[in-house]
Amino acid sequence: MQKVIGGILILSATAGAGVVYGNELKRYLRNMVYLRYVFGLIRGEIEYTCAPLPEIFFGVSARVKEPYRRWLKKTAEEMECRDLSGFARVWNRCTDKYLEIPGLKQEHKILIKEPGTFLGSFEKDISDRAMEMYLNKMDLEIEKLRAELASKVKVGRCLGVMAGLFFIVLLI
Amino acid sequence: MEKTGKKISHVTGVLARSVRIIIENILREGGALQEIRMRIGQPLTVMIDGEEQILPLKERAHIVTKEEIKETIEYMSRYSLYAYENELRQGFLTLEGGHRVGVAGKVIVDRGKVKNIQYISSLNIRIAHEVIGCADELIPYITKNKKVCHTLIISPPRCGKTTLLRDLIRQISDGNEYVKGCSVGVVDERSEIGGCYMGIVQNNLGMRTDVLDCCPKAEGMIMLIRSMSPQVVAVDEIGTAEDIHAIEYAMQCGCKLIASVHGMDMEEAARKPVLGEMIRRKMFERYIVLGNDGHPGKVKEIYDERGSVLCRK
């Protein structure tokens, strides 16, 4: 009886770990989609209001959830301090310091830092086109994540169950 | 009276760090800062109390670098050049506090029109100053029965016509013993009158003044008349035929008009093609001619619509 209960506990723990892994992947995708939404808002504000970036970041920060709210607000505040030459430096510093997305991959961190190289430094038309290209790039990245998600979730769940069974066999 | 150096921190705050330190040091020594000039590869110069100074010392001048200009432009535009595209196209930027920054560099031309300025190589930062009360002696001449007359200010460049116009607007808007306070609409094409920063007027233009900032004069006058129903419309530096037609339209709508134009005297103004026709038709009731001797804003002559001299100094 004890062996059966132990086996059930091991199986449920490893299967649970598989489910958690799948959920983490889903949450990561949701974060990337939300980030794309944030950049979409920034682009819309630049296009419509043509206001300077600190004002746009303040405006957008009021419409988004944490941690994006703090990230944008702090970026706007640091821009107003005018103590760093080059927008890219301010953007990179604030992204490193204030944007806390759990498990953010290095390649996606680089992707998030990319707008620092073009935001604000061109004319409106060129800036708008650069932002459009960037959003397309984000869409592609999200599509890639989405395509991989289903198979990864399935593999995670299967591996969880398999690992559980393996442990049970090993322990019995 | 003069409020020079108003909120000077708005200027020093946008300078490249290395330049900021030098300017702050010179400001500690006193004197009214009027202008800062930065040119790539050239010494940093300032105009203090009407005298040009090379900083920090004439024999040990600070040579302005490309990076310093770039850094300054970034701070001035709040890292958002696109937001100042329209102003840059006209060759200037307005800072908080109404200070103006003239820019020069490589101009990008598209279909014969200036599209933008790239590779900015020179900056001329002019500190905003208001001379509150400089129009005091003028007000009795341009009012009749507590109402403003159609007035044209004729002045050579750098003689204080914008400063004078600004104070006239303030007095008409607030009202005084000569004029009943009334709503004034200002079309400020180059942000010189109000020194607007993000749409907010930085200079004192009175309590009943509405400003259309960075708006073409002709279009702006019509917009103001239709939307804000001003009793007085004020514009600076009229010149094109469209401006003058819009002035005519404003006059026909029952608005009183105060405008300024470049010119040495009445004769020169009367020789201008469309404006001359308006003068001959006696559309303006008062003409104020400014002189370039003595202090800026010095009134030389005041004429009525028939060309009779009301005052000569």
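**Exercise 1. A strand inside chain B**

Both faces of β12(B) are covered in this structure, and the task is to find which residues lie on each side and which strands pair with β12(B).

*Solution.* The model is a predicted one, and the steps below should be read with that in mind. Start with the two faces: V184(B), V186(B) and D188(B) point to one side, G185(B) and V187(B) to the other, and all of them are buried. This split follows a general pattern, since in a regular strand the side chains alternate between the two faces of the sheet. Next, take the strand as a whole: 5 of the 5 residues of β12 (residues 184–188) of chain B are buried, so the strand is largely enclosed by the rest of the structure. Then turn to the partners. Strand β13 (residues 209–213) of chain B runs parallel to β12(B) and is joined to it by 5 bridges, with G185(B) standing opposite D210(B). Strand β14 (residues 232–235) of chain B also pairs with β12(B) in the parallel sense, over 4 bridges, and here V186(B) stands opposite A234(B).

**Exercise 2. The nonpolar cores**

Determine which residues have the most contacts inside the largest nonpolar core, and which residues V233(B) touches.

*Solution.* The largest nonpolar core has 53 residues, and those with the most contacts inside it are I169(B), M221(B), V233(B), A234(B) and I288(B). Its largest share, 5 residues, is supplied by helix α5 (residues 161–174) of chain B. Leaving aside residues up to four places away in sequence, V233(B) touches G185(B), M221(B), L224(B), A250(B), C255(B) and L257(B). A second, separate core of 31 residues includes V14(B), V46(B), L81(B) and I127(B).

**Exercise 3. The two domains of chain B**

Describe how chain B is divided, and state how many residues of each domain are in contact with the other.

*Solution.* Chain B is divided into domain 1 (9–126) and domain 2 (139–312), whose C-alpha centres lie 30 Å apart. Across the boundary, 9 residues of domain 1 of chain B are in contact with 8 residues of domain 2 of chain B. On the domain 1 side, the elements that give two or more residues are α4 (85–89) and β6 (92–94) of chain B, and by class this side has 2 nonpolar, 5 polar and 2 charged residues.

**Exercise 4. The form of chain A and its contact with chain B**

Work out which kinds of secondary structure chain A has, why it is described as more spread out than a compact globule, and which elements of chain A give two or more residues to the side that touches chain B.

*Solution.* Chain A has 6 helices and 0 strands. Its radius of gyration is 22 Å, well over the 16 Å that the globule rule gives for 172 residues, so chain A is more spread out than a compact globule. Along the principal axes, its C-alpha atoms fill a box of roughly 70 × 30 × 25 Å, and 22% of its residues count as buried.

The contact with chain B takes 16 residues from chain A and 13 residues from chain B. The elements that give two or more residues to the chain A side are α2 (53–61) and α6 (124–171) of chain A, and this side has 8 nonpolar, 5 polar and 3 charged residues.

Finally, consider A163(A), which has its place in helix α6 of chain A. With 17 other C-beta atoms within 10 Å, A163(A) is partly exposed. Its C-alpha atom is separated by 9.8 Å from that of A13(A), although the two residues are 150 residues apart along the chain.

Conventions:
Residues are numbered from 1 along each chain as its sequence is written. Chains are lettered from A and ligands numbered from 1 in the order in which they are written. This is a predicted model: local features need pLDDT of at least 70, side-chain atom pairs count only at pLDDT 80 or more; totals for chains, interfaces and linings use all residues. The radius of gyration is taken over C-alpha atoms; the globule rule is 2.2 Å times the number of residues to the power 0.38. A residue is buried if 20 or more other C-beta atoms lie within 10 Å of its own, exposed if 12 or fewer, and partly exposed in between; C-beta atoms are placed from the backbone. Two residues are in contact if their C-beta atoms, placed from the backbone, lie within 7 Å. Ala, Val, Leu, Ile, Met, Phe, Trp, Tyr, Cys and Pro count as nonpolar, Asp, Glu, Lys and Arg as charged, and the others, Gly among them, as polar. A nonpolar core is a set of buried Ala, Val, Leu, Ile, Met, Phe, Trp, Tyr and Cys residues joined through C-beta atoms within 7 Å. Domain bounds come from an automatic or database domain assignment. Two strands pair if DSSP finds at least two bridges between them.
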